[in-house]
Structures are given as C-alpha cells and as structure tokens.
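Me: Could you take a close look at one part of this model for me, the side of chain A that touches chain B? I'd like to know what sits there and how the pieces behind it are put together.

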Amino acid sequence: MTAPADKIAVERLTAIFGKTEVLRSVTTSIPAMSVTAIIGPSGCGKSTFLRCLNRMHELTPGARVEGSILLDGQDVQGRDVDPVHLRRRVGMVFQRPNPFPTMSVLDNVSSGLRLNGIKGDHQATVEQCLRQAALWDEVKDRLRAPAISLSGGQQQRLCIARALAVAPEVLLMDEPTSALDPIATAKVEDLIHELKARYTIVIVTHNMQQAARVSDQTAFLYMGELVEVGATEQIFTNPREPRTEDYVTGKFG
Amino acid sequence: MDALSASPHRPRNLGDRLWGAGLVALGGAVAVVAGVIVLALGRLTTPLVGRVHLLEFIKGQDWDPVASSFGALPFIYGTLVTSLLAIAVALPISVGLAIFMVEIAPGRLRPVVSFLIETLAAIPSVVYGLWGLFVLVPWLRESVEPALAGAFGFLPLFQGPQIGLGFLAAGLILAVMILPTIASVTIEVLKTVPVTLREAALVLGATRWEAIRLAVLPHARAGMLGATLLGLGRALGETMAVTMVIGNTPEIRTSLFATGYTLPAVIANEFAEATSGEHVAALAGLALVLFGLSILLNAVARLLVQAVKAATGSVG
C-alpha cells in the first residue's frame, strides 16, 4: 500500500483573534481518504484549526490568519478563492446537531442542493446521503416529518447527510459526538469508518478513546502549538514527545 | 405585619404567598380594567339599543348624526385600509432594517441606528401629524400621486383627484409611526436565532444572504409575525396623526387618493360636540367596534403565529 497523497497541507499557520494568538505556526498535512484526529485540552486551538480549513474563522470579528493552507495545492486563503465555493468542497459538522428546525428531514438534506441551484427531484440524492449517513432505515417513513422530531443522535447523522449532499471532498467534524449518548456516538463513529473511503475527514475530539478508535493520524495541539503529529497508533502507544505522553495517558487535560 | 411575624419559622413561604397573591391581583386588575371599559361603553350605547340593530350599525354606510343615521362601515373601512397600508409599507422596511442591524451593520453603527429607531418611537403623534400636513401631504399631492397615477392609473387604487390628504397619507404616516415598533421587535427576534443555524447554512456553501434566507428568516417567522401584530395594534388605535391627514370624510372609496375617516379619529373629533344621547351612543358603539376589531385581529394573528410555529414545510 502506497502512502496516501496529501489532501491538505498546512504551513506555518498562525491564527490571531484580536490580540490573542490562538494558533502558533502550525505545520502539518492531512492525507486524502483518511481520518485525521485533532486532540488536545480545551482552548488549545483545535476548533480554530478546523475552522481555518474552510475559512469559518472569518465569521469571528477580529480574526486574522497567517501562513498557508493548501487544498490540492491551492491556497484556500487566496484572494481569488471564494469562501462560499471553498465550503462546498470542505463541509463541516458541528458539536451540537443543528438541523434547520423549520424544515423536514427531506428538506434538510436537500437544502444544500437547492442552495447550489441544483434543480429537479432530489429524492434519489437524499436517499443516497441518508443511507451513507446510516440514517435511511430509521427515517425513510417520515421524510416529511420535522427534523427536530428526530433524536439527538439521529439529528447529528442528519446533519452529516446534509453535509454529504453537496458532495464535499473534505469533511470537518468539530466534536461531533460530544452532545450524544454512547449508543449514538458508536453509530457516528461507525459511520466515520465508512465515510473515509470517499472523503477526507478531520475530526476534533476531546475524547482520546474516540481519536484512537476512529482515526488513522492524530495531531496533538497544546496551547496553540502542534506538539506532535503521527500515525494514531504511534501517538497513543509510543509518543515521541513527553507532553503528548502525559496528555494521552491522562496526566493533564 | 402580624401575618409576617406570626410565622417566623416559615418567613419565606409566607412571603412567597403574599408576593404571589399580589401578582395575581395585579394580573387580575388588567381583566377588571378591560371589563370596566367595555361595561361603561356598553352602558353609553343604551339610547341606541333596540333602535339600531348591531349588524345594521356595523354594515351601515351612512353617518349623519343630525339625521340620526349611524353607520360604522366607513370608519371600519378607513381604519383597516390605513392600517393594512401601513403594515404593507412598514413591514418590508422594518425587516430589512432589522436584518441590516443584526447581520450586516458594523458594530459601531449599531447603537447609532438603534438610537434613531428609538427616537422615531418617541416623537409625539401630533408632531407626526404636523409633519404629515405640511410636508408629506404637499409632497404626495405634487409628486407621488401624479407619479402613481401615471404608472398605475389603470388600477382603481390610484384614480381620482390628487389632493394629498386621504388614505395614502394616513397609511404612510402610520407606516413611519409603527416602523420603530416592528423593527425593534424584529431585531430582538433575529438576535435570538442561534449562531449554529447560520453556520449550518454557511458550511453548505451559502452566501451571507442565502444563510439569512435559509436559516435566519424561517426561524424568526413567528416572532416577526408577532412584531407585525404589535405594529398593527398601534396603527389601529392611532388617532391624532391620522385625523390630521386623512381628510375626515365618512366615505368608502376604492382610491387611496380619496379622503376617508377612521374609528379613533371620528370618536376624538365628534365626542366633544355630541349633544344627543344617540350620537354619544353611536360613538361609544364605534369604540366598542374598534375594541372588537383589535381583539379579532389579535386573535387571528395569534392563531397565525401558532400555525407558523407548527408549520415545518419547505422554505427554499
């Protein structure tokens, strides 16, 4: 098996919010068709790192980014890159399920298609995405029901299906199971396993067991700095950095 | 005092109960006041009871106190037309203003615009009326009405003599007056839309405007309807500014250029001069009709809000 090509290359990424340096010169790469987990204690910059990848950090007033993020070799911060187009290629799932509450299950999944001006019958795409999100069997009889009538775990998988519908290349997941119970968490983790065949996934988690279970590569961030990045097995069994070892063995964090 | 000291071991419980009873009394007072007003108005109408049937009164188109002919329809018509016109004009502007304030305006501009909106709300209605009479009406007469007649003259709404006074002037002045109400409530409603919903739309590749349309506005629909209701309530009851610009003629005309009359305006204008008991009774009847109209619109709007909250259909 050959080493997978890098989908994203991050070089000397520094993020400054107002006067606070949230990320300090982070350099790493994210292989295609694999799962990269970002771990680290609260406030270490995990979410910021993720949001920089699809320029969601720009929503925060006073946010500034230095360094480069190359997606397939193209700098996503470039003047000629429209964040709207970038986000269609780099989708995102959030910490708390956030389906559109006024829409049905069906309309939630197809909302991205309608946004992108794709006309016609979305039923087939919706079914395919719901199947990919391992939700189809549970909701196929109530596609017209309001999205908020689903359980929390179902809502999160609905949000994953919604993200998949616009056919992104990269899927960013910001602590996608932190609001879910263990059973729902297991379902989402299984799903991540299946999705990596088609998508490049970056997942932020503060749950180290989760990182160990779902990811191929793990990056440990601490106080805005990338302490260590490597194959997940190596990070958890044989970390090079003492700080990584302390964190993954639960000495702090 | 005795009650308080009598049970020192349960002071909180007693205090809670006194506090609760006080609040119940205050809440009940609202119902009592409303009831007393309706009763008093009802008693005033007795000279007409038995002489004029309620339906006849409401459907009657002729208002001639000297001839003891009392029909409320021209006033109901005028009230509804001016209020609905006001909503039609004020609602889109208010929603646009609110979206601008919450989604687009830079932080430094917000308090300034917000102060201006509050200022609009604080201007006394007689001042609006004066402004309407000396600025709005001449402007309508010389520029707006000829232009409307030129462009849409084929519609009955924009036909007839262009004198400035009338439904259009009253509707527009009401629009300005209810704009701060609708806008400020809508601003608060939009602020309650969770950031996570905007983000949900943005990560799907929505532009800023698409995110507003997809995630923000649907979530705020019920609240915006409530804001409209508040504005409508103010428009229905507004008296002084309207009577100064509507022309005060009890007639039902299709054209917005025509003069008319509203329920509050006629009550305010004629009450002092009403000498016969029947005239007073008819005016009290109009007051009851206005009261009923407000309650009716309130109820309808509340049902609408419920329906909108319950509805989940597509918005795209």
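Reply: Sure. Start with the head count: 25 residues of chain A are in contact with 19 residues of chain B. Keep in mind that this is a predicted model.

On the chain A side, the elements that each give two or more residues are α2 (83-89), β6 (90-93) and α3 (105-115). The biggest giver is α3(A), with five residues. By class, chain A's side of the contact splits into 10 nonpolar, nine polar and six charged residues.

Now follow α3(A) away from chain B. This helix packs against α4 of chain A (residues 123-132) at an angle of about 110°, and the two axes are 10 Å apart. An angle from 65 to 115 degrees counts as roughly perpendicular, so that is the label for α3(A) and α4(A). The residues that meet are A:L106, A:V109, A:S110 and A:L113 from α3(A), and A:T125, A:V126, A:C129 and A:L130 from α4(A). That helix-helix contact is made of six nonpolar and two polar residues, with no charged ones.

Next, β6(A), another of the elements touching chain B. This strand belongs to an open sheet of six strands in chain A, ordered β6-β7-β8-β3-β9-β10, and the pairing is mixed. Both β6(A) and β10(A) (225-231) are edge strands with a single partner strand each, so one side of each has no neighbour in the sheet. On average, neighbouring strands here are turned by 20° against each other, if you ignore direction.

Going further into the sheet, β7(A) (residues 170-174) and β8(A) (residues 200-204) run parallel and are joined by five bridges. Within this pair, A:L172 stands opposite A:V202. There is also a helix on the sheet: α6(A) (residues 152-165) packs there and touches β6(A) and β7(A), with its direction at about 170° to that of β6(A). So β6(A) has a place in the chain B contact, an edge position in the sheet and a contact with α6(A).

One last thing, over in chain B: have a look at helix α9(B), residues 208-237. It has 30 residues, yet its end C-alpha atoms are only 38 Å apart, whereas a straight helix would reach 44 Å at 1.5 Å a residue. The same helix, α9(B), bends by about 55° at B:R221.

Methods: Residues are numbered from 1 along each chain as its sequence is written. Chains are lettered from A and ligands numbered from 1 in the order in which they are written. This is a predicted model: local features need pLDDT of at least 70, side-chain atom pairs count only at pLDDT 80 or more; totals for chains, interfaces and linings use all residues. Two residues are in contact if their C-beta atoms, placed from the backbone, lie within 7 Å. Helices (H or I, at least four residues) and strands (E, at least two) are DSSP runs, numbered from the N terminus. Ala, Val, Leu, Ile, Met, Phe, Trp, Tyr, Cys and Pro count as nonpolar, Asp, Glu, Lys and Arg as charged, and the others, Gly among them, as polar. Two strands pair if DSSP finds at least two bridges between them. Axes are lines fitted to C-alpha atoms, for helices over the stretch in contact, and angles run from 0 to 180 degrees between N-to-C directions. The expected span of a helix is 1.5 Å times one less than its number of residues. The bend at a residue is the angle between axes fitted to the seven residues ending there and the seven starting there. Angles under 35 degrees count as roughly parallel, over 145 as roughly antiparallel, 65 to 115 as roughly perpendicular and the rest as oblique.
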